[in-house]
Amino acid sequence: MAPSHDPTRPDRAPRTTPDTGSSTSTAPARRTVLASLAVAVPATTGLLSLASPAQAAPQADPPTGGGDLGPNVVVFDPSTSGIQEKLDEIFKEQESAQFGSKRYALFFKPGTYDGLNAQIGFYTAIAGLGLSPDDTHFNGDVTVDAGWFDGNATQNFWRSAENLSLNPVSGANRWAVSQAAPFRRMHVKGDLNLAPDGYGWASGGYIADSKIDGTVQPYSQQQWYTRDSEVGGWQNGVWNMTFSGVRGAPEQGFPDPPYTTLETTPVSREKPFLYLDGEDFKVFLPKLRTDASGTTWGGGSPEGESLGLDKFYLVKDGADAATINAALESGLHLLFTPGVYHLDQPIEVKRADTVVLGLGYATLIPDDGVTALKVADVDGVRLAGLLIDAGPTNSDVLLEVGPEGASADHAANPVTVQDVFVRIGGAGPGKATTSMVINSNHTVIDHTWIWRADHGDGVGWETNRADYGLVVNGDNVLATGLFVEHFNKYDVQWNGEGGRTIFYQNEKAYDAPDQEAIQNGDLKGYAAYKVADSVRTHEGWGLGSYCFYNVDPTIRQGHGFAAPTTSEVKFHHLLVVSLGGKGQYDHVINDLGDPTSGEDTVPSTVVSFP
């Protein structure tokens, strides 16, 4: 049965599950240890179970903090022999392992490394261990290309580079990625090329707290968001290039050139990161900034505070969900080491200022329909660096920030959700009615990709059923770098007041079988981004929605965006695109904006609303 949920009511989030029907499959369109020596990487990495025993034995002692970072964290220093060989070994394993179970975090101690080319594959995170990116310097490159996919970069997901400085060998470092591939706290002493060799398709992307001395070269990148950074220049744009707080950003020109430029970012707090203080590993927690521009580290050491690893429960193979929650109850933070973890009960964060940090794309899979992660309505929780992968039994919600009805004011110390990605299907069957629900006021969502898979295993209109991507019920929530794709109903449903989004990328679900399947009452389809009719204040900048209805190309989508027409609900720089004529949009927002037509993949735009 369909959810008994009124999408215009801000006090309710979807909680029921539709019946499932026959499975249909669609083919993708655009996307067809710690030592001075390198730690040996095990030949196999099994799935890690966080299932609690049916009859748990009495626990005499609470979990303790600290310890080693496990076998899937590899640490190098400048004297390490065979660095390039180890990098190549891991890349060979991960280059095309799009839905594999291996996870790696590659860390480099401060110093200079000559002649390296670190090619980064799936579920691989590379980072320096200094307080500043300039503490760890490569005379060489950190590279992502698309040779594994015949020069098409639209499936270069789930990888990252952080906290390094690079002197690229050719003068330009190549980072040809799509979604869920952040480039944070990086200093490129040259140009940055965002396209694959041969200039094939690419669908990124995200840069934050970085400095590019030369020119950023998007070439074939469809869209990109850059926040609180500094660039020497920006070469071009295709559909949607959005900047906030970026020194050297191009002047606003949407739709031609397609630049949306904000001088500052209203609220930002950089992602927590691991670093070395002498011989001790610590986690740095950057300070909250308002109306920020430029990097946090350009003037020297960043502002913030540090926590030693003894303050963290290090989640590794053998931990169970009950133990993780006991660690939280005892006052510890969480550091997930690289791995794939099954959960038989939610991880519940109840204490203010708790840090939950994942390394190397640590992945949480909820079993038996539980919610993977719940956060109480408390100040300052930081969630970062996790992939939540839906299980085969439907979960009502995968990530919940604040309980239903949350009402506390968190303006001075918001919850931040950073590089937390959600996947429904692809790696196997998965279902969730709603992927992410934000109930707490003032939450900052800083870079997420919430994805109902269009390819891989366990994919079909009902097979990986997922009605809603992001539902926002809290007030004064800010999203910076929001990517949400392919949901059966609303990809984003915003019910709270005072919401703001800076940059949004969306595709509607490819695999809708026909017009009736997407019909929303009298409306042709569910909007990619819906602001509830009851909302009186909302604002968005640089938002795009694309359709590729390859199962039934005759489908018409009434509009990409829907919002009440009132003076304080404002949008700047909207676009919709029909990809190759597979389905069409009638309008951009509500009944405004020209329809898309033909097979030329030309955007229809609205510069301002209302």
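These are my notebook entries on sheets, cores, loops and one buried leucine in a predicted model.

**Entry 1: the parallel sheet**

I began with the open sheet of 9 strands, whose pairing is parallel. I read its order as β26-β28-β30-β32-β34-β36-β38-β40-β42. I then asked which strands are the edge strands. They are β26 (347-349) and β42, and each pairs on one side only. For the twist I noted that neighbouring strands are turned by 25 degrees against each other on average, direction ignored.

I looked at one end of this sheet in detail. β26 and β28 run parallel and are joined by 3 bridges. Within this pair I found V349 opposite V375 in β28.

**Entry 2: β27, β29 and β31**

I next followed β29, which covers residues 382-389. On one pairing, β29 joins β27 in the parallel sense over 6 bridges. The bridge partner of L357 in β29 is A384. β29 also pairs with β31 (residues 416-424), again in the parallel sense, over 7 bridges. Here I noted R382 opposite T416 in β31.

How many residues of β29 are buried? I counted 8 of the 8, so β29 is largely enclosed by the rest of the structure.

**Entry 3: L387**

I picked L387 from strand β29 for a closer look. Its relative accessible area is 0%, and L387 is therefore buried, the cut-off being under 20%. I listed what L387 touches, leaving out residues up to four places away in sequence. The list holds R103, Y123 and W158, then A362, T363 and L364, and finally F421, V422 and R423. Checking these numbers against the strand limits, I placed A362, T363 and L364 within β27 (355-366). F421, V422 and R423 fall within β31 (residues 416-424).

I also took one distance. L387 and G360 are 27 residues apart in sequence, and their C-alpha atoms are 9.7 Å apart in space.

**Entry 4: the antiparallel sheet**

I turned to an open sheet of 3 strands with antiparallel pairing, in the order β19-β20-β22. Why is one side of β19 and of β22 left without a neighbour in the sheet? β19 (273-277) and β22 (304-308) stand at the edges, and each has a single partner strand, so one side of each is left without a neighbour there. I noted an average twist of 40 degrees from one strand to the next.

β19 pairs with β20 (residues 280-286) in the antiparallel sense over 5 bridges. I looked up F273 and found that its bridge partner in β20 is F284.

**Entry 5: nonpolar cores**

The largest nonpolar core has 73 residues. I asked which of them touch the most other members. They are F336, L383, Y529 and F571. L383 lies within the residue range of β29 (382-389).

A second, separate core has 37 residues. Its members include L166, W175, A181 and W234.

I went back to Y529 for its contacts, again leaving out residues up to four places away in sequence. Y529 touches L482, V492, W494, T501, Y504, H538, L543, G560, F561, A562 and F571. F571 is thus on this contact list, and F571 is also named with Y529 among the residues that touch the most other core members.

**Entry 6: cis peptide bonds**

I found two cis bonds to record in the loop between β16 and β17. The peptide bond from F254 to P255 is cis, with omega near 10 degrees. P255 sits in the loop between β16 (240-247) and β17 (259-262). The peptide bond from D256 to P257 is cis too, with omega near 0 degrees. P257 is in the loop between β16 and β17 as well.

**Entry 7: positive phi**

I then noted residues with a positive phi that are not glycines. D368 has a positive phi of about 60 degrees, and D368 is found in the loop between β27 (355-366) and β28 (373-375). N590 has a positive phi of about 50 degrees, and N590 lies in the loop between β42 (584-589) and β43 (604-609).

Is each of these residues buried or exposed? D368 has 66% relative accessibility and counts as exposed. N590 has 17% and counts as buried, since the cut-off for buried is under 20%.

Key. Residues numbered from 1 in each chain as written. Predicted model: local features only at pLDDT ≥ 70, side-chain atom pairs only at ≥ 80, totals over all residues. Heavy atoms only, no water. Pairing = 2+ DSSP bridges. Helix = DSSP H or I, 4+ residues; strand = E, 2+ residues; numbered from the N terminus. Axes fitted to C-alpha atoms, helices over the stretch in contact; angles between N-to-C directions. Core = buried A, V, L, I, M, F, W, Y, C linked by side-chain atoms within 4.5 Å. Buried < 20%, exposed > 50% of the residue type's maximum accessible area, 1.4 Å probe, protein only. Contact = heavy atoms within 4.5 Å.
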